[in-house]
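Reader: I would like a close look at one part of this model, with the parts around it described for context. Please keep it plain.

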Amino acid sequence: MTIRRLLVANRGEIARRVFATCRQLGIETVAVHSDADADAPFVREADYAVRLPGDAPSETYLRGDLIVAAAKSSGADAIHPGYGFLSENAEFAAQVTDAGITWVGPRPETIASMGSKIEAKALMRAAGVPTLDIDVDNVADDAFPLLVKAAFGGGGRGMRVVRARDQLTGELEAARDEARSAFGDDTVFVEPYLPTARHVEVQVLADQHGTCWVVGERDCSIQRRHQKVVEEAPAPNLPDSVRDRLFDAARKAVGAVDYVGAGTVEFLVQGESVYFLEMNTRLQVEHPVTECVTDTDLVAGQLTVAEGGALPERDFAPNGHAIEVRLYAEDPAHGWAPQTGTVESFDFPAAAARFSRLDRPGLRLDSAVESGSTVSIHYDPMLAKVIVWGPTREAATRMLSDALRRGRVHGVLTNAAVLRSILTDEEFVAGRVHTSLLDERIDQWIESAVAPDAGQAVTAAALADATAAQRSRRVQQRIPAAWRNVRSKDQTRTYLLGEDEVTVAYRSIGGRLAPADEALTAERVDADGVRLRSGDVQSAYRVGRIDDTTHVDGPHGAVDLALVPRFVDPQEAVASGSLLAPMPGVVTAVSAAVGDSVTAGAPLLVLEAMKMQHSITAPTDGVVSELPVSVGSQVTAGAVLAVIDENDSAE
Amino acid sequence: MTVIRSTIDPNSPAYLANREAMLERVADLDVQQAKALAGGGEKYVDRHRKRGKLLARERIELLLDRDSAFLELSTLAAWGSDFPVGGNVVTGIGVVEGTECLIVANDPTSRGGASNPSTLKKSGRAAQIAAENNLPTINLVESGGADLPTQKEIFIPGGAGFRNLTRASAARRPTVSLVFGNSTAGGAYIPGMSDYTVMVKGGAKVFLAGPPLVKMATGEDSDDESLGGAEMHARQSGLADYLASDELDAIRIGRSIIRRLNWQKQGLVPATDYADPVLDAEELLGLVPSDPKEPFDPREVIGRIVDGSDFDEFKPLYGSSLVTGWANLHGHPIGILANAQGVLFSEEAQKAAQFIQLANQIDTPLLFLHNTTGYMVGKEYEQRGIIKHGAQMINAVSNSTVPHLSVVIGSSYGAGNYGMSGRAYDPRFMFSWVNAKSAVMGAAQLAGVISIVSRASAEKKGVPFDEDADAQMRELVEKQIEAESTSYVISGMLYDDGVIDPRDTRTVLGICLSAINTTAIRGAEGFGVFRL
């Protein structure tokens, strides 16, 4: 059956990715969107769009009934689920099929059987694929450390490492609680914990006629708390014998469930041993690296299979090397706090392709956002997948690091600098990757991610901003900025760089702005760019600004600086002792009231953000003098949650 | 459009020597200005800071729009007198909320910010600038009042300060007082006469008489706060319109007051697409001969201060000792009169009189670049009517109503100073380069005249002329006059608005022209009788 109009039951970059292939194939596109996403690029790009009222995923992208209704009302004849949300929901797949709509994915039964990791492992064991198992009721003393997982979990959630027997009961209990609330099923199981193993997965695509493509493997060992951060294809330093075993096991997995569609079989690789972890019955986030090295359009393949078409026999020997990093709106230096707000600029000048195959080595950008997009608190803050395809791993690594450096992303903080630290880490460069590498080295990576020229970038911002301020004045626009005939002190500007206040001093000398720091010379100063010289080396900085935020793009990447106002209206000043929301979220519990005496460390309230529960505690002994939030309050980052009056504590 | 071509050779020994000499003078200017910047010295500055207070210039810096320019005026007031350099007060033109304002800030670290005769002159001059150019005035008040030892010189004329404030208000020229500290007795009328008054909580002290005097006068026991505290004035007397929580807050409120004035300039706000000078301002340092008797071509100066170095000369072939012509400076059209060979002859005087009338016909400000030894003397010139012709020029200058800017770039001697719109002719602004000299005549000439007169007197009386005493006298007088003619002394007497680095000329004039254009420019409808 030919697909003519396809609805993507998803959002962000994956919706755009599927639409891109649809446009190439001549298929009309339908987006569904929440209210928060009404102006998102994926909605604008779709031929048709159907609103799903509300913002929360539970009201929108997880409402299978509304999505099927949307498909009907929009005349869509097929639904692609993307990844996440309903993509591995067998019930939804069945609903779609029952409604006479083509489901771009495996059969509901397959999704169900692979949905339970316990069942999936049993199936694989039966098919002769090695698995990791510990009987949860009969754990040997030498089994620690071990890993507790939720049977229906995913994306790293519901996983716990247990290092000693005395923790086991408690951790099992906690894992069950979490699994119940997150996945609606409290089944958990236990596996040996192999911290230095690699995560290698095999991409498969099978049609209804018995053809199964084993498209190749990806290494996704660079993970933060079991969430993938860097993915690459092919897996580096993987012996052919191991690769053959992985491919063989993947074929067996497909055969065991008579799999149809695109899927990923995930393995742990420890030395020569391979262990089946789980099978994902959907397209993976990291599918583009496979597309790059095999010159394949996996979405097109999915559509062919969904239409009942036959996959041609072909060879998937990898050509070159591809690496993907997930660019997130988050602040690695402050607990990876998710960032929200307007992405004032989003530009990767090197991108040669977007959502589609590269015809020569270069940069591919699959982004959820464009300049001006907003990142809301409701969804995953991934901005984009930045993918490179190069002739070798070494070349690809270098290209990707450079592309991140040249990326002009402003308005929200990102993990770009940390990603660059990873890409230049000697263990990563050597291909000696394993799933604990990131957790082992992340502090070092975060530290080295601080741009070594942050001081220069801030200086450039100050000089350019001073020039811009003078140029935009009502009078004296071309009188030199900050000019003094009698100079008593330097001019200063103070910026917030992350949470740090940085003050730059400068002066007008001979009608030109000059940094007070005599190690630096301003060679050129314009409102939109500054060239600074340190010793005999000049560095160029592009500077832009929106309201009181200055965006600097320099040799070490992008920096956002918020100008600290000189004056604060006393009425607007934040009272000392105020506790501010570290990130946007929803207040889920309040355990104090105005007038309560609290001791330092006492929990005051709980803020849920990005599915994480953040306990807000009293920083000092004192009395709660203000508590402007209650359970259910939606707060933005920086909002006052409570004020503790320290002086009252003695009373 | 005529772009001035420079003929100076920046590698010539003369240029390099000139530059060296000028740089020394510029460095010395910094030294002299540092005296004003030091206020009352380290001890008093430290004490002031320990009270959590900002210095006068720090208050100004915060008051100004970020990164706007500030033209400080009369920095060297009282130079060469017994009073502290700077006159215990800082004045200048700055931009606050996009509005050019005249700012006056007492320097409380210097003799408590008390008013002495030089303070009076300096703030009087500031008030005149505000009045002539229609600039709102912001007073940053913290002054101990009158400098009592000099009361006889300041008590009577000092009243003008308060009168100036209310006349400003009557002329719908806003006045704002931010009171940071003492403003007592007569000083209380500064906030009292201002349109808007802001007082700093715990800092402002505004009363006619303090507790001791009140006790003496009426027997009443009182304290500073109840007599003149900021809270009292904000809540009870109503003298304070705004109560500021601290100094920074007072400045914030002061800025918001200016923003709400909705001040509109009535003059020209030029388009900003004009060209910078083609010639390098840095070279101004090397083109003035270190010997003041050696003339230099003012076109080399003009070419380094006007837009695009573009100067259309008027009457270039006539009266060539005075250069006249049209140019733009920071987008403002101006007419320029500049001495070329020092001496003003009849032709130059008549040319100037005509040119000044032309500028008045087209409402165009005039810039006078002084380097003159005065009008030509001698039989031939007297007989040909040099007085009449000089009088024509002085008539034109005196009755011209377009704004005049005067810059002494060399010497300004004798009636030349008058004809070129010296201080007595009320130019809107007047500045001196560091090398400038102004006097009734050159020191050597003056000493020589005295010598000749006394020799003649001796001869007449038939007494022998003491040559040694004469030589000694000549040397002494020459030294004294030389010292009295320097730009520092002239500036110290408030006979100009400041001594400047030649390289700053364009910027200084640009700010002045912009400030001038707060009011509309209107040329004279008529002049006095031109004696022909």
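Author: Helices and strands here are DSSP runs, numbered from the N terminus, with at least four residues for a helix and at least two for a strand. The model is a predicted one.

The part to look at closely is His434(A). His434(A) sits in chain A, in the loop that runs between α13 (426-429) and α14 (437-449). Is this residue buried or exposed? The relative accessibility of His434(A) is 13%, and buried means under 20%, so His434(A) counts as buried.

What does His434(A) contact, apart from its neighbours within four places in sequence? The residues are Pro195(A), Thr196(A), Ala197(A), Arg198(A), Ser221(A) and Glu440(A). With Pro195(A) there is also a polar atom pair to note: a polar atom of the His434(A) side chain lies 3.5 Å from the backbone oxygen of Pro195(A).

Elsewhere in chain A, two helices pack against each other. Two packed helices are described by the angle between their axes and the distance between the axes. For α4 (residues 90-98) and α5 (residues 108-115) of chain A, the angle is about 175° and the axes are 8 Å apart. Angles over 145 degrees count as roughly antiparallel, and α4(A) and α5(A) are therefore roughly antiparallel to each other. On the α4(A) side, the contact is made by Ala90(A), Ala93(A), Ala94(A) and Thr97(A); α5(A) brings Pro108(A), Ile111(A) and Ala112(A). By type, the residues of this contact are 6 nonpolar, 1 polar and no charged.

Chain B offers a helix and a single residue to set beside these. Helix α3 (residues 56-63) of chain B has 8 of its 8 residues buried, so this helix is largely enclosed by the rest of the structure. The buried residues of α3(B) include Arg57(B), Glu58(B), Arg59(B) and Glu61(B), as well as Ile60(B) and Leu62(B).

Ala520(B), in the segment after α20 (505-516) of chain B, has 48% relative accessibility and therefore counts as partly exposed. Not counting residues up to four places away in sequence, Ala520(B) touches Gln266(B) and Gly267(B). Ala520(B) and Gln266(B) are 254 residues apart in sequence, yet their C-alpha atoms are 5.2 Å apart.

As for chain B as a whole, 55% of its 532 residues are buried. Among its contacts between residues at least 6 apart in sequence, 74% join residues at least 24 apart.

Conventions. Residues are numbered from 1 along each chain as its sequence is written. Chains are lettered from A and ligands numbered from 1 in the order in which they are written. This is a predicted model: local features need pLDDT of at least 70, side-chain atom pairs count only at pLDDT 80 or more; totals for chains, interfaces and linings use all residues. Side-chain values use heavy atoms; hydrogens and water are left out. Buried means under 20% relative accessible area, exposed over 50%, partly exposed in between (1.4 Å probe, protein chains only). A polar contact is a pair of N or O atoms within 3.5 Å; within protein, one must be able to donate a hydrogen and the other to accept it, and residues adjacent in sequence count only if both atoms are side-chain atoms. Contact means heavy atoms within 4.5 Å. Axes are lines fitted to C-alpha atoms, for helices over the stretch in contact, and angles run from 0 to 180 degrees between N-to-C directions. Angles under 35 degrees count as roughly parallel, over 145 as roughly antiparallel, 65 to 115 as roughly perpendicular and the rest as oblique. Ala, Val, Leu, Ile, Met, Phe, Trp, Tyr, Cys and Pro count as nonpolar, Asp, Glu, Lys and Arg as charged, and the others, Gly among them, as polar.
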